[in-house]
Amino acid sequence: MSTSPARTLKGSRRLQRRRDRRSPSPQWQFLRGFLKNPVMVGSVIPSSRVLIEKMLAPVDWENTKLFVEYGPGVGTFTRPVLEKLGSEAKLVTIDTNPDFTRFLRESIDDPRLVAVNGSAADVEKILMDHDLGSADYVLSGLPFSTLPAGIGEDIAEATANVIRPGGAFLVYQFSPKVLDFIRPHFAPIKRGFEWINVPPATLFWAYKGEPKA
C-alpha cells in the first residue's frame, strides 16, 4: 500500500517537532551549565545585547585575523563575534564544559568557528595544535574571583603570551578582582560599566601595549 505525499510530509513535520522538543534551548543549556558548575559559569543569565555591543565596540574587525573566546557557553557572544568577523578570520572558543562545546558545534554551521573543549590556561597549546598564530583579541567572561587557586594567574599569563602587540584582552566581570590578575601583564587597561545586564557588569579592555590607531 503506497503512502500519499501529504501523509509523508505530515509525518516529516511531526518528526521534526519531536526533534525540536528533544533539542535543549540555549537558555536551558546555559541554566544547566550554571547548575552543573556555577564556579566556572559565573552567572545564571546570559549577557545582555547592550553589554555585548559595548564590550566589542573597540575591536578593529577589519584587521582581526584570530579572535579567541573563553567560556562561550551557548554562544551569547560567539554569534555576534561571527557576525562582525571577516570571512578569512578564525574564532576559537574554549570551554571546560563539553555540553557547551558540543552545543556550539551542532548549532553553529560556520567554518570560521573552532570550538574546543579545554581550559583557557592551555590556550597556548590549543592555538599551536590548530596551527594558529597570535590572537588579535581574547574575550573572557570567566569569573576570575571564584576560580580555583592559581588558575586565574595561569590564564592571565597564558593570555598575555598569545596576544599580539597592540592586541587586547576583553574581560567582563561582576567583580573588579580580575585586575589583580591582568595588571602584571597588560597596559594600558581601560575600564567601563554596564548597568543594563543581570547582574550589572564591569568591563575591562586590557591592551598589550598601545592599540593601533
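This passage walks through the salt bridges in a predicted model.

Counting across the structure gives 9 salt bridges. One of them pairs glutamate 83 with arginine 49, whose side chains come together with an N to O distance of 3.5 Å. This contact ties together distant parts of the chain, since the two partners sit 34 residues apart. Glutamate 83 belongs to helix 5, which covers residues 78-84, while arginine 49 is in helix 4, covering residues 49-56.

How open is this pair to the surroundings? Glutamate 83 has a relative accessibility of 60%, so it lands in the exposed class, where the cut-off is over 50%. Arginine 49 comes in at 45%, and is therefore just partly exposed. The pair doesn't stand alone, either: Arg49 and Glu83 are part of a salt-bridge network that also takes in Glu53 and Lys84.

A salt bridge with another setting joins aspartate 110 to arginine 112. Here the closest N and O atoms are 2.7 Å apart. Both aspartate 110 and arginine 112 are buried, which means that each has under 20% relative accessible area.

Then there is the salt bridge between the side chains of aspartate 180 and lysine 177, with 3.6 Å from N to O. Lysine 177 shows 38% relative accessibility, so it counts as partly exposed: its value falls between the cut-offs of 20% for buried and 50% for exposed.

How values were computed:
Residues are numbered from 1 along each chain as its sequence is written. This is a predicted model: local features need pLDDT of at least 70, side-chain atom pairs count only at pLDDT 80 or more; totals for chains, interfaces and linings use all residues. Side-chain values use heavy atoms; hydrogens and water are left out. A salt bridge is a side-chain nitrogen of Lys or Arg within 4 Å of a carboxyl oxygen of Asp or Glu. Helices (H or I, at least four residues) and strands (E, at least two) are DSSP runs, numbered from the N terminus. Buried means under 20% relative accessible area, exposed over 50%, partly exposed in between (1.4 Å probe, protein chains only).
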